[in-house]
Amino acid sequence: MFKRVSIFSGNANFPLTQEICQVLEQPMGKSRVSRFSDGETFCVIQENVRGVDTYVVQPTCSPVNDSVMELLIMVDALRRASAGSITAVIPYYGYARQDRKVAPRTPITSKLVADLIVAAGVNRIVALDLHAGQIQGFFNIPFDHLFAMPALLEHHLREHYGKDVVIVSPDAGGVERARAYSKRLQGTLAIIDKRRERANESEVMNIIGEVAGKDCLILDDLIDTAGTLVNAANALMKQGARSVAACATHPVLSGPAVERIKDSPLTEVVVTNSIPLSDEARASGKFKVVSVARLLAEAIRRIHHSDSVSSLFV
């Protein structure tokens, strides 16, 4: 079915790449990423890729800088090995929250990372649930922006959340995403009005919408320190919600996130495997992981056969 295709992973231990290869019935490309004693990253492609369409699956998650460099160095190695094309499949795009200047004399690091990826030799990008959709405009190459919604709805949400569910956006910026989910689940919508005092800290101020006696599902694109999520869950319970769960595409889970979630009233947190879940998070028993391997594999299949990818966007 596939001719002259190789799928590589900057991190050989990244389970999602292995799942994608299994769905496509393709062996994983042979490569080796190592580090010198001073921390420099080195990569060698261990098979012939001349004229081959190559796909590098690499989330730029923690350790973020190492992950970005692994991606750039592997792409450079493929380009110098005369690969026919190089597509970067980035399930989680790191630095996505630095997409604009929020104060004087600050960088737009999301654009910087985009420039580095293009300069390395990538021909096409496939990404999943960007924190800000306008990041697509930072690239002057084809960009396929996929959403985890189909996988989350099909493999968990439709089975466990009925028409009486209230989809809750944790801030004003996520209303459009929450509305899309509530429409497909035939639920209602609520919005958390919050005021952020410092970075990575938030204070819940008000809840817009009826949540008393309802099952609530807080929806976000990622969970970092979980401060916003836990504050929102506590506020919903104070307003009389019957139960509160959460759903997010990217489980960044930095700092005290897992401990906060364990101690919170959240019944479950549904996430995807765009970022490998830590052992601590798995042991907590609060996380349900939905795989996006089939979604990304289908995108790779359609790109390779020059078919339309647009039906995967919704």
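Biologist: Which residues lie nearest the centre of the second largest pocket?
Modeller: In this predicted model, H155, S291, A293, R294 and L295 lie nearest its centre, out of 15 residues that line the second largest pocket.

Biologist: Which elements give two or more residues to that lining?
Modeller: Those elements are α1 (15-24), α4 (149-160) and α9 (293-304). The most comes from α9, which contributes 5 residues to the lining of the second largest pocket.

Biologist: And how much space lies in the second largest pocket?
Modeller: The second largest pocket holds about 280 Å³ of space.

Biologist: How does its lining divide by class?
Modeller: The lining of the second largest pocket has 7 nonpolar, 5 charged and 3 polar residues. Domain 1 (5-146) and domain 2 (150-290) each supply at least three residues to this lining.

Biologist: Turning to enclosed space, how many cavities of 30 Å³ or more does a search of the whole structure find?
Modeller: The search finds 1 cavity of 30 Å³ or more. The volume of the largest cavity is about 60 Å³.

Biologist: Where does the largest cavity lie with respect to the domains?
Modeller: The largest cavity lies between domain 1 (5-146) and domain 2 (150-290), because both give residues to its lining. Among the lining residues are Y92, Y93, R97, H131, D221 and H250.

Biologist: What classes do the residues of that lining fall into?
Modeller: For the largest cavity, the lining divides into 6 nonpolar, 3 charged and 2 polar residues.

Biologist: Let us change topic to the backbone. Which residue in the loop between β5 (85-90) and α3 (109-120) has a positive phi of about 65°?
Modeller: That residue is Y95, which is not a glycine and is placed in the loop between β5 (85-90) and α3 (109-120). R105 is found in the loop between β5 and α3 as well, and R105 has a positive phi of about 60° although it is not a glycine. For context, most residues other than glycine have a negative phi.

Biologist: Is R105 buried or exposed?
Modeller: R105 counts as exposed because its relative accessibility is 78%, over the 50% cut-off. Y95 has 26% relative accessibility, so Y95 counts as partly exposed.

Biologist: Which peptide bond is cis?
Modeller: The bond from S62 to P63 is cis, with omega near -5°. P63 lies in the loop between β4 (53-57) and α2. Most peptide bonds are trans.

Biologist: What about S67, buried or exposed?
Modeller: S67 counts as buried because its relative accessibility is 7%, under the cut-off of 20%. S67 lies in helix α2 (residues 64-80). Leaving aside residues up to four places away in sequence, S67 touches Q58, P59, T60 and C61.

Technical notes
Residues are numbered from 1 along each chain as its sequence is written. This is a predicted model: local features need pLDDT of at least 70, side-chain atom pairs count only at pLDDT 80 or more; totals for chains, interfaces and linings use all residues. Side-chain values use heavy atoms; hydrogens and water are left out. On a 1 Å grid over the protein atoms alone, a cavity is a set of points where a 1.4 Å probe fits but cannot get out, and a pocket is an open set with protein on both sides within 12 Å along at least five of seven lines; lining residues have an atom within 4 Å of a point. Grid points are joined across faces, edges and corners, and a volume is the space filled by probe spheres set on the points. Ala, Val, Leu, Ile, Met, Phe, Trp, Tyr, Cys and Pro count as nonpolar, Asp, Glu, Lys and Arg as charged, and the others, Gly among them, as polar. Domain bounds come from an automatic or database domain assignment. Helices (H or I, at least four residues) and strands (E, at least two) are DSSP runs, numbered from the N terminus. Buried means under 20% relative accessible area, exposed over 50%, partly exposed in between (1.4 Å probe, protein chains only). Contact means heavy atoms within 4.5 Å.
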